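Biologist: I'd like to talk through how this fold packs together. Can you put it up on the screen?

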Amino acid sequence: MKIIIQEETTNKTVTLTINASKFTAQTAVKMMNSFLEHQKNKSKNPKIYKGKQRFKNLMKSGEKLTNIEVTDENMKPFDRIARKYGIDYSLKKDNSQEPPKYYVFFKARDTDVLTAAFKEFTHRQMTKSTKTPIKQKLRDYAQKTLEDMQERSREKKKTREAEL
C-alpha cells in the first residue's frame, strides 16, 4: 500500500513538471508573438509630439511653419500659456546678436490659437508690470506703522508733560 501511494505521488509530480514546462513554453511563444505584433503596429503609428518640441519633430508634421521673436525673460511665462492652449511649438536661439534672440516656430494652422494665447500673455504681463510687488507693499506698511508708533509715543510724552 505504501509503495502504491509513493508511485502515485511520483507520477503526479512528473506529470505536473511536464505540464508546467509545456505551459512555460506556450506562454513564451505567446509573449513573443504579442511583442512582434506590437513592433509592427509601432512602425505604422509614429509618435505624435505635443507642446514644446524639437524643431526637427515640428518639421516632420509637414505643415507650414511660421515664427515670432520672443525675448529671454518672456520664455517661461510664454511656455505656461502655450501649454494651456495646446500649441505645438519649437524654440530656436539666435546667437548672432547681442543679447541673443529667441524665435518661436509654430504650425501655421495654430495662428488663431496663438493669437488668443498672446492676448492672454500680454494681458498678464501688463497687469504684472502695473502691480506693486508684495515686498514693497510690506516695506511701505512697516514704515507707516513705525511712523504711527513714533507719533503715538510723542503724543504720550506731551500728555505726560501736560499732566506734570
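Modeller: A bit of vocabulary before we start: two strands count as paired if DSSP finds at least two bridges between them. Bear in mind that this is a predicted model.

Biologist: Fine. How many residues lie between β2 and β3 in their hairpin?

Modeller: Start with the pairing: β2 and β3 run antiparallel and are joined by six bridges. That is over the cut-off of at least two bridges. The two strands form a hairpin, and the number of residues between them is six.

Biologist: Which residue of β3 stands opposite Y89?

Modeller: Look at the largest nonpolar core, which has 13 residues. Y89 is among those with the most contacts inside it, along with V104 and L114. Leaving aside neighbours within four places in sequence, the contacts of one β3 residue include I87, Y89 and L114. The residue opposite Y89 is F106.

Biologist: And which element gives the largest share of that core?

Modeller: Three elements give two or more residues to the core: α3 (75–85), β3 (101–107) and α4 (111–130). F78 and A82 are among the residues with the most contacts inside the core, and both are buried residues of α3. The largest share, four residues, comes from α3.

Biologist: What covers the buried residues of α3?

Modeller: The buried set is M75, P77, F78, D79, I81 and A82. Just after this helix, G86 takes a positive phi of about 70 degrees. The cover over those buried residues includes β1 (65–70), β2 (89–94), β3 and α4.

Methods: Residues are numbered from 1 along each chain as its sequence is written. This is a predicted model: local features need pLDDT of at least 70, side-chain atom pairs count only at pLDDT 80 or more; totals for chains, interfaces and linings use all residues. Side-chain values use heavy atoms; hydrogens and water are left out. A nonpolar core is a set of buried Ala, Val, Leu, Ile, Met, Phe, Trp, Tyr and Cys residues joined through side-chain atoms within 4.5 Å. Buried means under 20% relative accessible area, exposed over 50%, partly exposed in between (1.4 Å probe, protein chains only). Contact means heavy atoms within 4.5 Å.
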